[in-house]
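Colleague: Please take a close look at the aromatic rings of this model and at the backbone and side chains around them, and lead up to them from wherever you think the account should start. I would like one connected answer, with the cut-offs stated.

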Amino acid sequence: MSLGRTLLLRASQSDRLRGVFPRLPFADRAVRRFMPGEQAEDALNAARVLEGDGLTTVLTQLGENVREPAEADLVADHYVGVLDEIARQGLDAEISVKPTQLGLDLDADRTIGHLERLAARSRALDRWLWIDMESSPYVDPTLDLYRAVRARHTNVGVCLQAYLYRTADDLAGLLPLYPGIRLVKGAYNEPEDIAYPRKRDVDEHYMRLAETLLNAQRRGAVRAAFATHDLALVTRIRERAQEKGMEAGELEFQMLYGIRSAQQRRLAADGCRTRVLISYGEAWFPWYMRRLAERPANVWFVARSALPW
Ligand SMILES: Cc1cc2nc3c(=O)[nH]c(=O)nc-3n(C[C@H](O)[C@H](O)[C@H](O)COP(=O)(O)OP(=O)(O)OC[C@H]3O[C@@H](n4cnc5c(N)ncnc54)[C@H](O)[C@@H]3O)c2cc1C
């Protein structure tokens with residue numbers, strides 16, 4: 001892993017920087033690149049605009065590791081409100097939630113309760129609920145949550161990270177459940193004994209996992225969402241799907257708001273299902289630093305935002 005990426009991921013965990021950075025005068029401008037605003041309303045407005053371009057969306061309120069059960073209750077209530085608004089506006093939008101924002105550190109059973117409530121509300125709208133994957137200590141607890149919720153709700157998907165060595169086994173264990181799987185490379189700072197340190201190896205692992213997902217998708221055994229901005233991988237996945245006789249419309253790609261926007265529209269125009277994940281909320285600092293770490297060149301963008309012109 002490059003030094004820049006390591007430092008940025010360390011910075012994402014710094015309480016001191018979390019307090020200082022958002023107050024800097026240029027922070028707002030820098031963050032706007034990746035999120036349309038801090039309120040759910042900003043995300044819903046952006047979702048409506050994207051729908052005009054043939055893009056559907058996933059909405060997520062930033063925040064993690066809540067410290068009180070009452071905070072998690074508020075987050076769950078918030079998402080119910082967002083789902084109501086999605087229904088009212090007739091948007092093709094889903095939600096994605098972080099287990100630790102729904103209290104996983106405090107009470108797993110209560111978190112399952114929140115997830116079940118959100119899954120049921122999503123089901124009523126004919127939408128899916130997505131569960132994010134956080135750093136490695138949360139993988140087993142998150143998969144446990146997923147299994148518990150999946151046992152009663154079919155419309156629930158979970159994120160798996162290609163940088164972890166274990167993920168092929170996790171995927172094999174989940175496939176009999178007819179799951180929803182969002183495949184990502186992985187955004188956290190993980191040690192070499194559990195995660196591939198080299199990008200090339202992560203990419204090859206991603207492709208092997210994608211192959212398994214494509215085969216399962218052909219059997220109707222999974223809802224697979226390939227969440228990556230890596231256009232070389234996108235091309236390879238599309239080619240493999242074609243070789244297997246799959247139509248473009250059987251493929252789903254997901255990307256983040258503000259990243260590779262032109263390619264998002266192109267994929268949709270080519271007939272691929274394309275969802276854009278829109279983040280919003282006040283607790284954006286650690287999430288924002290992870291976005292910078294994915295492309296340390298973005299630090300230049302932040303530096304430019306700090307200039308007065
Ligand atoms: C819909 C969605 C959901 C996600 N959910 C999770 C999750 O639950 N858990 C988790 O650990 N991770 C999650 N991620 C993040 C993911 O793990 C990666 O960190 C992130 O997607 C970057 O990896 P990449 O596949 O785009 O490939 P990379 O090799 O990192 O990037 C490929 C190319 O995309 C462009 N790019 C990538 N990131 C950026 C950026 N920030 N700014 C500008 N250009 C960029 C660059 O041109 C880069 O060369 C999610 C990503 C997406 C798209």
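Modeller: I would start at Arg260, which is partly exposed, with a relative accessible area of 40%; here buried means under 20% relative accessible area, exposed means over 50%, and partly exposed lies in between, using a 1.4 Å probe and protein chains only. The model is a predicted one, in which local features need pLDDT of at least 70 and side-chain atom pairs count only at pLDDT 80 or more, whereas totals for chains, interfaces and linings use all residues. Residues are numbered from 1 along each chain as its sequence is written, and side-chain values use heavy atoms, with hydrogens and water left out.

Arg260 belongs to the loop between β7 (252-256) and α11 (261-269), where helices (H or I, at least four residues) and strands (E, at least two) are DSSP runs numbered from the N terminus. Its phi is near 55 degrees, a positive value in a residue other than glycine. Asn65, likewise not a glycine, has a positive phi of about 50 degrees; Asn65 is placed in the loop between β1 (56-61) and α5 (69-89) and is partly exposed, at a relative accessible area of 31%.

Now to the rings themselves. Rings of Phe, Tyr and Trp (for Trp, the six-membered ring) pair if their centres lie within 6.5 Å, and planes under 30 degrees apart count as stacked, over 60 as edge-to-face and the rest as tilted. By this rule the count is three aromatic pairs. Among them, Trp128 and Trp130 are stacked, at 6.1 Å centre to centre with 25 degrees between the planes, and Trp130 is buried, with a relative accessible area of 0%. Another pair is formed by Phe226 and Phe253, whose ring centres are 6.1 Å apart and whose planes stand at 45 degrees, so this pair is tilted. Because Phe226 lies in strand β6 (residues 223-227) and Phe253 in strand β7, the pair ties together parts that are 27 residues apart in sequence. Both Phe226 and Phe253 are buried.

The ring of Trp128 also has a charge over it: the charged end of Arg223 sits there, 5.1 Å from the ring centre, the criterion being that NZ of Lys or CZ of Arg is within 6 Å of the ring centre and within 35 degrees of the ring normal.
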